[in-house]
Amino acid sequence: MSANTIRLSAALLVALPLTLSQTAQAAPAAKPETIKYSAEVKLLSDGIYRGVSQTEGRPQYIVGGQAAYGKFFAGVLYKSMRDRTTGVDNQTQAILGYKTNLAGNDIVARAIYKQYNGTKAGIDNEWMEYEFTATRKLTKKLSGKLNFAYADDNYGKAKTATYTELGLDYKVTPKLSFQVANGFRHNRHSVDYTSYLAGVSYAVTPKFMASLTFTTTDKGDLGDKYGESTFITLSKKF
């Protein structure tokens, strides 16, 4: 080994620790995870959910809160309802979920305990539902969304129930966007239907959203619950 090689090796042995030390000092320290809290209040002129009315055409209000830690979150939700056949007047939920990004898709998975309150005696009014949502940006302004939900024993006489919906969201401006969606609801021992939706949303502020939505199903002959509805939604996040 030559004297030049020895001197170069010695110089590297001295320089390397100094370089690593400087790099470590320059690199920002990773921020520790903290619990993040959020809440949302919604007011709908008709309580439409998955294409059908939960309020017999009357207004509905929804209040929810959430605590998130990293990719995991937990929350609770309350929504007003109306169904004179079963007596239900509100619904409560407890939610556990996980958010991540996989191959360019924003993924949200949730396990939801749902309970309908105020129902008449003998009605099956509580169940678990599992929901999966994937959202992907297709172009700079256009996003696609897939939503799938499954319940082994759904509300009332319905047993196995699923809901699958495909939707598109087109952002005209940073504040204005249009939505369309097509869904299919399967209810074993109850009503199956296909839902259709078209709407427009406007972000009044970053945390206050207003939207106008038209929705209908292919089972309008079964009554107003499954018929056409054009409704306003106002939502505020905190």
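**Exercise 1.** Which residue forms a salt bridge with K114, and how far apart are the closest N and O atoms?

*Solution.* A word on the model first: it is predicted, local features need pLDDT of at least 70, side-chain atom pairs count only at pLDDT 80 or more, and totals for chains, interfaces and linings use all residues. Residues are numbered from 1 along each chain as its sequence is written, and side-chain values use heavy atoms, leaving out hydrogens and water.

Step 1: Look for a side-chain nitrogen of Lys or Arg within 4 Å of a carboxyl oxygen of Asp or Glu, the salt-bridge criterion.
Step 2: K114 pairs with E129, and the closest N and O atoms are 3.1 Å apart.
Step 3: E129 lies in strand 8 and K114 in strand 7, so this pair ties together parts 15 residues apart in sequence. Strands here are DSSP runs (E, at least two residues), numbered from the N terminus.

**Exercise 2.** Is E129 buried or exposed?

*Solution.* Step 1: Take the cut-offs for relative accessible area: buried under 20%, exposed over 50%, partly exposed in between (1.4 Å probe, protein chains only).
Step 2: E129 has 2% relative accessibility, so E129 counts as buried.
Step 3: Its partner K114, at 3%, is buried as well.

**Exercise 3.** Find the network of salt bridges that includes E129.

*Solution.* Step 1: E129 also meets R50 in a salt bridge (3.0 Å, N to O).
Step 2: R50 sits in the loop between strand 2 and strand 3, so its pairing with E129 in strand 8 joins parts 79 residues apart in sequence.
Step 3: The linked residues are R50, R110, K114, E129 and E131.

Terms used: Helices (H or I, at least four residues) and strands (E, at least two) are DSSP runs, numbered from the N terminus.
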